[in-house]
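Let's take a look at charged side chains that pair up, and at a couple of backbone angles that stand out. Have the sequence and the 3D view ready.

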Amino acid sequence: MADASSIAIRRSCAADAEAIFAIRQDPITRRHQPLEPGTLAEVRQAIATRGSLPLEASTEGKLQWTVEVNGAVAGWVSIDITMRKHHVGAVGYALAPTWHGQGVMPVALSRVIPIAFDPDGLALERLEAVAAVDNVASRRVLEKCGFRLEGVARGYLIIDDRRVDHACYGLLRSDMMAIDTDSG
């Protein structure tokens with residue numbers, strides 16, 4: 001298990017592109033994700049844009065954080081603001097297979113969630129996430145972070161030329177406030 005103190009998140013930047021590109025190309029990473037192939041240059045440009053969008057209530061689009069373990073790039077977490085009018089965003093994440101099963105992603109995601117819900121920042125009220133039904137590890141990450149299973153979308157995404165059922169999860173800002181109240 002990785003020690004929580006060795007796990008950090010920071011806004012992604014173009015310098016992260018090679019490490020993130022390598023994670024995106026790994027067959028284990030791609031097994032459960034419909035990642036577009038993209039070139040290194042395209043990934044670099046996307047990361048630079050996603051990492052530079054402001055953390056403001058008017059921001060639209062996709063934002064990205066790089067996950068580091070002991071200072072090395074281990075993966076990413078993204079928030080795609082899907083419906084600004086309704087304060088809704090979709091969470092996505094991936095982790096280098098080296099770090100699978102070591103508790104890295106629940107720590108990283110739990111650090112991004114407050115940024116999404118910060119009323120003085122992105123000011124989102126709802127986060128959504130999907131995970132392939134058979135991606136038990138990813139589903140466990142969401143549940144550890146407080147997301148609730150809301151159902152299964154049959155044939156939701158195409159991965160490796162086949163339609164894959166996905167478990168749909170949601171987390172409300174008010175859920176997090178209830179957790180804070182319960183633990184305080």
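First, a bit of vocabulary: a residue is called buried when its relative accessible area is under 20%, exposed when it is over 50%, and partly exposed in between (1.4 Å probe, protein chains only). This is a predicted model, so keep in mind that local features need pLDDT of at least 70 and side-chain atom pairs count only at pLDDT 80 or more, while totals for chains, interfaces and linings use all residues. Residues are numbered from 1 along each chain as its sequence is written, and side-chain values use heavy atoms, with hydrogens and water left out.

**Salt bridges**

A salt bridge here is a side-chain nitrogen of Lys or Arg within 4 Å of a carboxyl oxygen of Asp or Glu. How many salt bridges does this rule give? The count comes to 6. Here are three of them, with the N to O distance:

| Pair | Distance | Relative accessible area |
|---|---|---|
| Arg10 and Asp16 | 2.6 Å | Arg10 28%, Asp16 3% |
| Glu125 and Arg173 | 3.3 Å | Glu125 35%, Arg173 23% |
| Arg148 and Asp175 | 3.6 Å | Arg148 53%, Asp175 12% |

In the Arg10 pair, Arg10 is partly exposed, whereas Asp16 is buried. These two also belong to a network of salt bridges that links Arg10, Asp16 and Glu68.

For Glu125 and Arg173, both partners are partly exposed. Some more vocabulary: helices (H or I, at least four residues) and strands (E, at least two) are DSSP runs, numbered from the N terminus. Glu125 lies in the loop between helix 4 (104-117) and strand 5 (126-132), and Arg173 is in helix 6 (residues 173-183), so this salt bridge ties together parts that are 48 residues apart in sequence.

What about Arg148 and Asp175: buried or exposed? Arg148 is exposed, but Asp175 is buried. This pair links distant parts of the chain too, with Arg148 in strand 6 (residues 148-159) and Asp175 in helix 6, 27 residues apart.

**Two positive phi angles**

Now for the backbone. Most residues other than glycine have a negative phi. Which residue, then, has a phi near 60°? That's His87, and it isn't a glycine. You'll find His87 in the loop between strand 3 (72-83) and strand 4 (88-95), where it is partly exposed at 32%.

Ala123 has a positive phi as well, about 55°. Ala123 sits in the loop between helix 4 and strand 5, and it is buried, with a relative accessible area of 13%.
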